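Please work through the exercises below with the sequence and the model at hand. Each task is followed by a solution in steps.

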Amino acid sequence: MLIKALTKYLVCSVSLLFHFRIPIHRFLSNESVSLWAALEIEKKLEKIIADYLIPTGSKGEVSEERAFLGTHILETSTFTYASKKHVAEKVIQAKSLLTGKERSRLEKCLSKVMTFRNAFAHGGIIDDTKRGFILKYYRNGHKEQPVDDQFFTELETLYSETDSLLKKAMDRYSEMKQ
């Protein structure tokens, strides 16, 4: 829900930017919301991996080993989003937490989240006076993505769907453990 609310804020912000031609430095602060949403998804991937490797206790207590796993492995820059994505997908497949179309859809969504996470983190936004704001990034070649209401609507849908599928997988895993 928070992702949806924040993305709606972004959609409104883009409309205002184009209408009033607000300077780009004010827009750039909004890209951090997209990065935040991607980080929330990344935290869910970490939880799926941690729950599989070292489950919490019956009362939700976290063991020393699980805390170590989180702090010294999952949350480090060495264990990248791509690595977390790959391992979490394997856990979801091994435990049959999502099957068929749901699992396939999650894999596509996670790849797109990674694309836009990296685009915002490593790319740049330019203000083209003719075309508006453009997100420039590299993914198998140089890419340009118009940053407009449609883009943020699609981004909102992507984050919401990804979040929903991960939550479903996590809920199914919790049910299996009971």
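The exercises that follow concern a predicted model.

**Exercise 1. Overall architecture**

Determine how many helices and strands the protein has, and in what order the elements run.

*Solution.* Step 1. The count gives six helices and three strands. Step 2. Read from the N terminus, the order is α-α-α-α-α-β-β-β-α. Step 3. As for burial, 38% of the 178 residues count as buried. Step 4. The accessible surface comes to about 10,300 Å², and carbon and sulfur atoms account for 54% of that surface. Step 5. Among contacts between residues at least 6 apart in sequence, 66% join residues at least 24 apart.

**Exercise 2. Helix H5 and threonine 115**

Establish whether the end-to-end span of H5 agrees or disagrees with the span expected at 1.5 Å a residue, and then decide whether threonine 115 is buried or exposed.

*Solution.* Step 1. Helix H5 covers residues 100-122. Step 2. The expected span is 1.5 Å times one less than the number of residues, so the 23 residues of H5 should span 33 Å. Step 3. The end C-alpha atoms of H5 are 33 Å apart, which agrees with the expected value. Step 4. Threonine 115 lies in this helix. Its relative accessibility is 12%, and a residue is buried under 20%, so threonine 115 counts as buried. Step 5. Not counting residues up to four places away in sequence, threonine 115 touches Tyr137 and Arg139. Step 6. The buried residues of H5 also include Leu106, Cys109, Leu110, Phe116 and Phe120.

**Exercise 3. The aromatic cluster**

Classify the ring pair of phenylalanine 120 and phenylalanine 151 and the ring pair of phenylalanine 151 and phenylalanine 152 as stacked, tilted or edge-to-face.

*Solution.* Step 1. The structure holds three aromatic pairs. Step 2. In the pair of phenylalanine 120 and phenylalanine 151, the ring centres are 6.2 Å apart and the planes make an angle of 50 degrees. Planes under 30 degrees apart count as stacked and those over 60 as edge-to-face, so this pair is tilted. Step 3. The pair links distant parts of the chain, since phenylalanine 120 is in helix H5 and phenylalanine 151 is in helix H6 (residues 149-177), 31 residues apart. Step 4. Phenylalanine 151 also pairs with phenylalanine 152, at 5.1 Å centre to centre and 70 degrees between the planes, and this pair is edge-to-face. Step 5. The relative accessibility of phenylalanine 120 is 4%, so phenylalanine 120 counts as buried. Phenylalanine 151, at 3%, is buried, and so is phenylalanine 152, at 1%. Step 6. Ring pairs link Phe116, Phe120, Phe151 and Phe152 into a cluster.

**Exercise 4. The nonpolar core**

Identify which element gives the most residues to the largest nonpolar core, and list the contacts of leucine 166.

*Solution.* Step 1. The largest nonpolar core has 39 residues; Ile92, Phe116, Leu135, Phe151, Leu155, Tyr159 and Leu166 touch the most other members. Step 2. Helix H2 (24-53), helix H3 (64-74), helix H4 (81-94), H5, E2 and H6 each supply at least two residues of this core. Step 3. H6 gives the most, with ten residues. Step 4. Leaving aside neighbours within four places in sequence, leucine 166 is in contact with Ile41, Lys44, Leu45, Ile48, Ile92, Leu106 and Leu110.

**Exercise 5. The strand pair and the loops**

Describe how E1 and E2 pair, and then state whether asparagine 140 is buried or exposed.

*Solution.* Step 1. Strand E1 (residues 124-128) and strand E2 (residues 132-138) pair in the antiparallel sense over five bridges. Step 2. A hairpin of three residues joins E1 to E2, and aspartate 128 stands opposite glycine 132 in E2. Step 3. In the loop between H5 and E1 is glycine 123, partly exposed at a relative accessible area of 32%. Leaving aside neighbours within four places in sequence, glycine 123 is in contact with Asn118, Lys136 and Tyr137. Step 4. Asparagine 140 is placed in the loop between E2 and strand E3 (142-146). Although not a glycine, asparagine 140 has a positive phi of about 55 degrees. Its relative accessible area is 70%, and exposed means over 50%, so asparagine 140 is exposed. Step 5. Serine 96, in the loop between H4 and H5, also has a positive phi, near 50 degrees. At 48% relative accessible area, serine 96 is partly exposed.

Note on methods: Residues are numbered from 1 along each chain as its sequence is written. This is a predicted model: local features need pLDDT of at least 70, side-chain atom pairs count only at pLDDT 80 or more; totals for chains, interfaces and linings use all residues. Side-chain values use heavy atoms; hydrogens and water are left out. Helices (H or I, at least four residues) and strands (E, at least two) are DSSP runs, numbered from the N terminus. Buried means under 20% relative accessible area, exposed over 50%, partly exposed in between (1.4 Å probe, protein chains only). Contact means heavy atoms within 4.5 Å. Accessible areas come from the Shrake-Rupley method with a 1.4 Å probe; for residues, only the protein chains shown count as cover. Two strands pair if DSSP finds at least two bridges between them. Rings of Phe, Tyr and Trp (its six-membered ring) pair if their centres lie within 6.5 Å; planes under 30 degrees apart count as stacked, over 60 as edge-to-face and the rest as tilted. A nonpolar core is a set of buried Ala, Val, Leu, Ile, Met, Phe, Trp, Tyr and Cys residues joined through side-chain atoms within 4.5 Å.
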